[in-house]
Amino acid sequence: MDIYKNINALTGYALSQGLIEEDDVIFTQNRLLELFRLDGFEKTLATQIPQTPEQDLEQILKEMLDYAAEKNLFQDTGIQSRNLYDTKIMGCLLPRPSYVQEKFMELYKRSPKEASDWFYKFSKDSNYIRRYRVNRDIRWIAKTEYGDMAITINLSKPDKGTPGINLSDDVLLASQPGVSHYPECVLCKENVGYAGRDDFQAGQNLRIIPLRLSGKVWGFQYSPFAYYNEHCVVFSYDHVPMKISRETFGNLLEFIRLFPHYTIGGNADLPIVGGSILNHSHYQGGRFNFPLAMAPVETRFTVHGYEDVSAGIVKWPASVIRLRTHNTESLISLCDKILRNWRIYNDPAVNIYSQTNGEPHNTVTPIARMRDGFYEIDLVLRNNITTAEYPFGLFHTHEEHRHIKKENIGLIEVLGLAVLPGHLKKELSDLGNAIIQGRDYRSDRSISKHADWADKIIAQYGKISAKNIDTVIKTEVGKVFVEILENSAVFKRTPEGKEAFMKFIKTFA
């Protein structure tokens with residue numbers, strides 16, 4: 001392991017990816033020498049800067065981390081400590097935030113797409129998005145009666161509860177006693193350049209672009225976990241809680257006016273049906289053909305006073321209203337009207353209660369896109385009530401499906417993309433092997449939770465072999481995901497449920 005060769009290789013990587021210019025080479029080498037507490041190297045070696053392709057980055061960083069750990073430059077206690085140090089390394093290669101913002105705006109004047117293309121590549125080249133981890137994610141398409149659903153087993157983001165890990169959006173550090181309140185959460189602007197700590201991610205390689213939405217400043221960045229193509233996060237510059245309101249619809253439409261090639265949406269603002277970071281207002285978007293966008297409207301209706309807005313119920317397992325128009329003011333106003341009506345709506349016949357004991361239950365997951373020159377918003381109706389039979393949520397993943405996914409059914413899921421936990425990679429593989437080998441999967445503690453599901457699969461397919469087990473498992477996971485979305489539907493796709501849905505529509509149409 002030659003640290004000097006790796007310093008040059010990493011400098012070459014920065015030069016090859018456009019993170020630095022030729023005039024920055026010596027400066028970058030010296031920053032890396034300082035980081036590794038080295039006085040310098042021979043002049044002949046200093047000039048040997050190779051062209052380093054991006055696929056070499058993982059190995060270069062691994063060797064540098066091994067060297068730093070061996071020299072006690074950091075305490076190697078696992079993935080989090082290594083994440084902190086390799087982020088520190090990458091921070092030596094990057095320009096100041098002001099340069100990144102100026103470059104983005106310069107490109108934006110030519111084309112919003114050109115600007116976002118550059119910024120996305122920058123976020124990968126800077127290793128904020130660790131693409132060598134993202135590339136290991138398992139992805140497939142599941143064909144269903146609602147169209148093709150996208151399924152991914154996410155291996156780039158650690159599972160909840162992994163020892164020493166706390167870099168995801170699943171933990172709100174600001175709410176934990178005894179933990180530093182700077183930054184207040186993983187979405188705050190103060191993350192830019194932050195060194196991180198054992199219980200919090202580092203941000204030396206994070207850059208954000210400030211945007212104005214509805215007259216307020218928001219930050220635009222990409223998600224480090226990249227659940228889908230150009231997965232971006234748009235967050236309030238102020239640390240304020242999630243709240244779906246009229247202003248939300250204006251913000252979403254303003255964003256797609258700025259970036260018409262993107263979809264943008266907001267998680268619901270209540271626990272269970274919302275995202276896990278409810279204490280910081282934010283949206284998520286990206287350039288991806290989400291299955292929901294391809295689903296057709298099956299029942300159309302007209303809203304009095306909003307005849308310029310095309311409205312209808314989408315053929316989808318969750319309960320979705322789609323609105324479409326050129327007139328953004330009409331669209332914002334109608335979305336607000338529907339939201340206000342839904343907030344107070346009750347229908348005991350289908351178990352919809354807007355509140356119990358003063359606790360609100362009704363909200364929406366809003367999604368905005370530009371389609372054929374029209375502004376389009378999908379409103380997914382949500383309710384987070386719990387019952388004795390369904391303590392995790394009546395309109396949430398039911399017990400029989402929690403062996404596949406028990407996490408929140410938020411924005412990304414209702415869009416038709418299942419983000420499944422990484423531990424399923426091994427579990428589903430082991431389960432498949434047990435099925436084709438005829439082994440007793442109920443006695444295997446690591447996969448016994450899947451036993452009832454496996455029994456149904458065997459009964460349905462009969463003969464299952466090594467040739468078709470992977471296809472069978474993936475097909476059945478897709479079916480479970482659809483059933484989970486159907487669990488989340490406040491109006492079921494039954495004659496009674498459709499009638500109840502139209503009953504709600506009549507409160508504003």
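Helices, meaning DSSP runs of H or I with at least four residues, and strands, meaning runs of E with at least two, are numbered from the N terminus. With that in hand, asparagine 127 can be placed in the loop between H7 and helix H8 (131-134). The model you are looking at is predicted, so let us walk through it piece by piece.

## Two asparagines and a proline in loops

Phi of asparagine 127 is near 70 degrees, which is a positive value in a residue other than glycine. Is asparagine 127 buried or exposed? Buried means under 20% relative accessible area, and asparagine 127 has 2% relative accessibility, so it counts as buried.

Asparagine 351 also has a positive phi, of about 65 degrees, although it is not a glycine. Its loop runs between helix H11 (328-343) and strand S11 (355-356). With 41% relative accessibility, asparagine 351 counts as partly exposed.

Another loop, the one between S2 and S3, holds proline 183. Here a cis peptide bond joins tyrosine 182 to proline 183, with omega at about -15 degrees.

## An open sheet with a helix on it

Strands of a sheet pair through backbone hydrogen bonds, in either a parallel or an antiparallel way. One open sheet here has three strands in the order S1-S2-S15, and its pairing is mixed. Strand S1 (138-144) and strand S15 (417-420) are the edge strands, each pairing on one side only. On average, neighbouring strands of this sheet are turned by 20 degrees against each other, direction ignored. Helix H15 (residues 469-488) packs on the sheet and touches S1, S2 and S15. The direction of H15 makes about 105 degrees with that of S2.

## Strand pairs to look for

The table lists some strand pairs that you can find in the structure.

| Strands | Sense | Bridges | Residues opposite each other |
|---|---|---|---|
| S2 (residues 147-153) and S15 | parallel | four | isoleucine 153 and leucine 420 |
| S3 and S4 (residues 216-222) | antiparallel | five | leucine 211 and tryptophan 218 |
| S9 (residues 310-314) and S10 | antiparallel | four | isoleucine 313 and isoleucine 321 |
| S10 and S14 (residues 374-383) | antiparallel | six | leucine 323 and isoleucine 377 |

Strand S3 (residues 209-213) shows alternating side chains. Ile209, Leu211 and Leu213 point to one face and are buried, whereas Pro210 and Arg212 point to the other face and are not buried. S3 and S4 form a hairpin with two residues between the strands, and in this hairpin serine 214 takes a positive phi near 50 degrees.

S9 and S10 form a hairpin too, with five residues between them. How much of strand S10 (residues 320-325) is buried? Five of its six residues are, so the strand is mostly covered.

## A pocket to explore

Rolling a probe the size of a water molecule over the atoms shows where empty space is left. The second largest pocket holds about 380 Å³ of space. It is lined by 21 residues, and those closest to its centre are Leu19, Ile20, Leu93, Leu94 and Pro95. Helix H2 (25-35), helix H6 (97-110) and helix H7 (112-125) are the elements that give two or more residues to this lining. Which helix gives the largest share? That is H7, with four residues. By type, the lining of the second largest pocket divides into 10 nonpolar, three polar and eight charged residues.

Technical notes: Residues numbered from 1 in each chain as written. Predicted model: local features only at pLDDT ≥ 70, side-chain atom pairs only at ≥ 80, totals over all residues. Heavy atoms only, no water. Pairing = 2+ DSSP bridges. Axes fitted to C-alpha atoms, helices over the stretch in contact; angles between N-to-C directions. Contact = heavy atoms within 4.5 Å. Buried < 20%, exposed > 50% of the residue type's maximum accessible area, 1.4 Å probe, protein only. 1 Å grid on protein atoms, 1.4 Å probe; cavity = no way out; pocket = protein on both sides within 12 Å on 5 of 7 lines; lining within 4 Å. Points joined across faces, edges and corners; volume = space filled by probe spheres on them. Nonpolar A, V, L, I, M, F, W, Y, C, P; charged D, E, K, R; others polar.
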